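Here are some worked exercises to go through with the model open beside you. Try each task yourself before you read its solution.

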Amino acid sequence: MNIFTIPFKNLKVKFFKTAILIFVFAIGITSSVALNKVSSTVSEALEEKMNKFGANILVYPKTDEINISYGGVQLGNLSYEVKYLPETDVVEKIRNIEFNKNISAVAPKLVKAAKLEDKLVGVVGIVPQEEIKIKSYWNISGKMIERGDEVIIGSNIAKKLNKNMGDKIQLYDSNFTISGVIESTGSEEDNLIFANLHQLQNLTGETNKINFVEVSALCAGCPIEDIVNQIKVAIPDSEINAVQKLVKQRMSAVHFVEKLAAILSGVIIFIACFMLAIFMLSSVTERKKEIGILRAVGYSKSNIFIIFITEALLIGIMSGLVGYTSGYFLSFKILDILHIEAGKITFSFLESVLVVIAVGLIAIISSSLPAAKAAKITPSEALIAL
């Protein structure tokens with residue numbers, strides 16, 4: 001026997017106690033692993049859903065326009081010149097910024113006025129594939145624009161003009177079919193007509209021109225300020241407005257889930273460490289005779305310390321293996337209960353090794369004081385204890 005075989009023998013002799021301790025310690029690791037995997041998946045799902053409720057960055061051309069409003073009452077604008085942004089150039093530059101992976105949608109728009117049945121109406125040119133990414137809150141009776149000769153209209157204008165899905169309207173001397181009516185959103189969108197951007201550009205002679213761009217950014221891995229600054233550098237002749245309040249609300253909700261999981265994991269790990277320390281301390285008291293004999297036959301203080309630390313390390317490694325594996329499978333069950341897709345959860349061999357190493361180190365730290373106490377026991381103390 002040596003200092004490395006003795007811990008195996010001791011754990012084997014106290015198999016039942018060891019199994020209970022590993023079970024309890026593993027429950028703590030299982031809970032922590034499952035909470036972290038679930039919180040990570042929930043955060044991603046939450047952020048993805050929130051980003052569907054609108055853009056958080058607006059890109060405008062620089063103008064001399066002065067907006068006159070007070071107390072929520074719009075009094076109009078003083079505009080010396082209407083300026084446009086070049087659609088192709090602007091969209092390409094936004095898509096190619098350093099944090100382009102955080103850009104989920106780039107929706108350019110051209111806003112024009114038109115006559116419809118002798119009434120002045122607002123027409124907004126959109127790219128349907130991009131628009132639907134940031135307007136998932138739209139409930140359309142009918143379908144989204146699929147062709148150049150189709151439009152969708154807001155609920156108010158549909159009522160005022162008595163128009164429904166399938167009706168024909170004429171804009172800029174061209175015929176359009178209403179493919180859908182947007183249910184009331186409580187915003188100015190209720191009073192607008194939405195057409196294909198490129199069709200509207202062709203009809204109004206504003207080829208490749210847009211008034212502004214709505215950008216939806218995923219900001220889990222970067223601050224919104226960095227994305228805004230990168231867009232400013234890429235498009236210097238523009239004004240960028242980030243809806244900071246909305247972004248902060250989004251990130252606050254995401255971070256709350258992560259912090260809650262981290263706090264719960266910390267509490268669970270702390271309790272598990274405390275139980276391991278108590279177990280090792282109890283083991284030292286029970287094994288005073290054994291320690292005294294080992295010291296009497298020549299084992300040094302450091303040898304005794306290593307024996308107890310090795311026992312804790314073995315318990316930590318086994319708990320880490322069981323805990324990580326159980327936590328991985330438990331996270332699927334929890335997400336299933338929460339009705340959240342678990343497709344993004346994957347088994348990582350590297351992560352499992354890191355968890356086992358971390359749990360082993362935690363076990364060593366938790367047992368260092370009991371091991372130090374065991375190392376201080378002298379043969380004479382062991383005999384007195386008998």
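Buried residues, meaning those under 20% relative accessible area, with exposed over 50% and partly exposed in between (1.4 Å probe, protein chains only), make up 43% of the 386 residues in the chain. This is a predicted model, in which local features need pLDDT of at least 70 and side-chain atom pairs count only at pLDDT 80 or more, while totals for chains, interfaces and linings use all residues. Residues are numbered from 1 along each chain as its sequence is written, and side-chain values use heavy atoms, with hydrogens and water left out.

**Exercise 1. The chain as a whole**

Task: describe the secondary structure, the contacts and the surface of the chain.

Solution. Step one is the secondary structure: the chain has twelve helices and 14 strands. Both are DSSP runs numbered from the N terminus, helices being H or I with at least four residues and strands E with at least two.

Step two takes the contacts (heavy atoms within 4.5 Å). Of those between residues at least 6 apart in sequence, 78% join residues at least 24 apart.

Step three is the surface, computed by the Shrake-Rupley method with a 1.4 Å probe, where for residues only the protein chains shown count as cover. About 20800 Å² of the chain is exposed, and 62% of this comes from carbon and sulfur atoms.

**Exercise 2. Two cores**

Task: find the largest nonpolar core and the strand that gives the most to it.

Solution. Begin with the rule: a nonpolar core is a set of buried Ala, Val, Leu, Ile, Met, Phe, Trp, Tyr and Cys residues joined through side-chain atoms within 4.5 Å. The largest such core holds 38 residues, and Ile57, Val59, Ile94, Leu171, Ile193 and Ile231 have the most contacts inside it. Strand β5 (residues 103-116) gives the most to this core, namely five residues. Another core lies apart from it, with 32 residues that include Leu11, Cys273, Phe279 and Ile309.

**Exercise 3. Following β5 into its neighbours**

Task: trace the pairing from β5 to β6 and on to β11, and give the direction each time.

Solution. Strands pair if DSSP finds at least two bridges between them. First, β5 and β6 (residues 119-126) run antiparallel and are joined by seven bridges. Valine 111 stands opposite valine 124 in β6. The hairpin of β5 and β6 has two residues between the strands, and glutamate 117 there takes a positive phi near 55 degrees.

Next, β6 and β11 (residues 192-196) run parallel, with five bridges between them. Here glycine 122 stands opposite leucine 192 in β11.

**Exercise 4. Rings around α10**

Task: work out the geometry of the aromatic pair of tyrosine 324 and phenylalanine 347, then look for the cluster that holds both.

Solution. A pair of aromatic rings is described by the distance of the centres and the angle of the planes. Rings of Phe, Tyr and Trp (its six-membered ring) pair if their centres lie within 6.5 Å; planes under 30 degrees apart count as stacked, over 60 as edge-to-face and the rest as tilted. By this rule there are six aromatic pairs.

Tyrosine 324 and phenylalanine 347 are 5.5 Å apart centre to centre with 75 degrees between the planes, an edge-to-face pair. Tyrosine 324 sits in helix α10 (residues 301-337) and phenylalanine 347 in the loop between α10 and α11 (349-375), 23 residues apart. Tyrosine 324 is buried at 2% relative accessibility, whereas phenylalanine 347 is partly exposed at 44%.

Now take tyrosine 328 and phenylalanine 329: their centres are 5.1 Å apart and their planes at 75 degrees, so this pair is edge-to-face. Tyrosine 328 is buried at 12%, while phenylalanine 329 is exposed at 55%. Tyr324, Tyr328, Phe329, Phe332 and Phe347 form one aromatic cluster.

**Exercise 5. The span of α10**

Task: compare the span of α10 with the expected one, then place leucine 330.

Solution. The expected span is 1.5 Å times one less than the number of residues. With 37 residues, α10 reaches 52 Å from its first C-alpha to its last, close to the expected 54 Å. Histidine 339, with a positive phi near 60 degrees, follows α10.

Leucine 330 lies in α10 and is partly exposed at 34%. Leaving out residues up to four places away in sequence, leucine 330 touches Thr30 and Ala34. The C-alpha atoms of leucine 330 and threonine 30 are 7.8 Å apart, with their positions 300 residues apart in sequence.
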